[in-house]
Amino acid sequence: MQEEQRQQQHSARMVDVFFTPTVRWALFITVFLQLSQQFSGINAVIYYSTVIFQSAGFTKQVAQYANLGLGGTNVLVTVISVFLMDRLGRRPLHLTGIGGMFITSLILVISLVVRSTPLWNKISLIMTILFIAFFAIGPGSIPWLITAELFTHAYNVPASSIAVLVNWSANFIVGLGFKPLFTGLLHQYTFLLFTGLLLIFFLLTFFFVPETKAKTVDTIYAEINAGRVWSKRQPRSQYLHNRSSGNDDDGSTVNYE
C-alpha cells in the first residue's frame, strides 16, 4: 500500500478491470471464488434446514433445535478459522472447506435417500453440521479475503463491486430456486447439483488460486502469470523484468497503473 501511494496510483475505471490482462485473470479468480461461496449450497441449507431435517425424518421441533445448532456451529468454526488464516494460509483453508463440503454433501444425499432408518437420520444431521463447519473453515470468509489481496488500490474498488454483485446474485438464485427443486422436481437429489459444483470449484481453486498470505500483488500476479500457482514455475525476478519492460507473458503491452 505504501508503494502504491508513492506511485500515486489513481482508481481504475470499471472497464479497465476487463481489459488489463493479469487483472482480468485476477477478476476471474475473484468471480469463481464468490460463486464457490454461494453455489456451494450453504444458503440452501441455512434457508431450508428445517425442511431438510423434516424430510430426513425428524419432527418439526427437533428440526428447529437442529437449525439453532447449525447457526452455533457456523459462528464457532468461523472464530476458529480466524486464527488459522495467517497460520495455514488462505488457499489450504479454502481447499479444505470445499473438499469437506463435497464429501459431506455426497453423504447427505445418500442419507436423505435412505432416510427410513434411524441411523441414517442421525447421519444426515451430522453431515449437515459438518457441511456448515467446512463452509465456515474456508468458503465462508476466504473469498472475501483473497478478493481484497488480489488487487492493488487502483483496481480494488471496481473489482470488489463486481465481487459483491456476483455474490448476491448467486445468493438470490439459490434462495429462489432451491425449494422448488427440493420439494418438487429433484427432491433429495437436489444436493447432487451442489456436489457437482463443489467438485468444479475445488479443481478451479487448486489450479488457479494462488496463496495470497503475506505477499505483494506483484508476487501474486507472477504466480498467476506462471500458469501453475501450486509450483511457482516463474520466478518473481523474471516477472518483474517483464513488468518493467511493459510486456506480459504473451508479449502484449500491459499497463498495471
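1. Let's start with Asn43, since it makes a handy entry point into this predicted model. Is Asn43 buried or exposed? With a relative accessible area of 10%, Asn43 is buried, because the cut-off for that label is anything under 20%. The residue sits in helix 4, which covers residues 42-55. Its side chain has a polar partner: the side chain of Gln38, at 2.5 Å. If you set aside the neighbours within four places in sequence, the contacts of Asn43 are Gln38, Tyr48 and Asn171.

2. Now the overall picture. The chain is helical throughout as far as its elements go: twelve helices and zero strands. Reading from the N terminus, the order is simply α-α-α-α-α-α-α-α-α-α-α-α. Of the 257 residues, 46% are buried. Among contacts between residues at least 6 apart in sequence, 72% join residues at least 24 apart. As for the surface, about 12,800 Å² is exposed, and carbon and sulfur atoms supply 67% of that.

3. On the annotation side, the unreviewed UniProt entry places "transmembrane region" features at residues 65-85, 97-114, 126-146, 158-178 and 190-209. I looked at two of these against the model. Residues 126-146 are 81% helix and 0% strand, and the C-alpha atoms at the two ends lie 30 Å apart. For residues 190-209 the figures are 90% helix and 0% strand, with 28 Å between the end C-alpha atoms.

4. The salt bridges deserve a closer look. How many does the structure hold? There are four. Three residues, Asp86, Arg90 and Glu149, are linked in a network. On one side of it, the side chains of Asp86 and Arg90 meet at 2.9 Å, N to O. On the other, Arg90 pairs with Glu149, the closest N and O atoms being 2.7 Å apart. Arg90 belongs to helix 6 and Glu149 to helix 8 (residues 142-149), so this pair ties together parts that are 59 residues apart in sequence.

5. Burial within that network is worth spelling out. Asp86 counts as exposed because its relative accessibility is 54%. Arg90, at 5%, counts as buried. The bridge between Asp86 and Arg90 therefore joins an exposed residue to a buried one. As a general reminder, side chains of opposite charge can pair when their charged atoms come close.

6. Next comes helix 11, at residues 217-226. Why call this helix largely enclosed by the rest of the structure? Because nine of its ten residues are buried. The buried set is Val217, Thr219, Ile220, Tyr221, Ala222, Glu223, Ile224, Asn225 and Ala226. Note the acidic member: Glu223 has a relative accessible area of 5%. Its side chain meets that of Lys215 in a salt bridge, at 2.7 Å from N to O. Lys215 itself counts as partly exposed, at 22% relative accessibility.

7. What about nonpolar residues on the surface? Leu106, Ile110, Val113, Val114, Tyr189 and Leu192 form a patch there, with about 480 Å² of accessible area together. Helix 6, spanning residues 90-113, gives the most to the patch, with three residues. That is also the helix that holds Arg90 of the salt-bridge network. Tyr189 comes from elsewhere: the loop between helix 9 (153-185) and helix 10 (191-208). Its relative accessible area is 46%, so Tyr189 is partly exposed.

8. A last point concerns the same stretch of chain around that loop. Leu181 is placed in helix 9 and is partly exposed, with a relative accessible area of 24%. How far apart in space are Leu181 and Phe191? The C-alpha to C-alpha distance is 9.7 Å, for two residues that are ten apart in sequence.

Definitions and conventions: Residues are numbered from 1 along each chain as its sequence is written. This is a predicted model: local features need pLDDT of at least 70, side-chain atom pairs count only at pLDDT 80 or more; totals for chains, interfaces and linings use all residues. Side-chain values use heavy atoms; hydrogens and water are left out. UniProt positions are given in the numbering used here, feature names are shortened, and annotations may be inferred rather than shown by experiment. Helices (H or I, at least four residues) and strands (E, at least two) are DSSP runs, numbered from the N terminus. Buried means under 20% relative accessible area, exposed over 50%, partly exposed in between (1.4 Å probe, protein chains only). A polar contact is a pair of N or O atoms within 3.5 Å; within protein, one must be able to donate a hydrogen and the other to accept it, and residues adjacent in sequence count only if both atoms are side-chain atoms. Contact means heavy atoms within 4.5 Å. Patches are made of residues with over 30% relative accessible area and no salt bridge: like charges are joined within 9 Å, nonpolar side chains (Val, Leu, Ile, Met, Phe, Trp, Tyr) within 5 Å. Accessible areas come from the Shrake-Rupley method with a 1.4 Å probe; for residues, only the protein chains shown count as cover.
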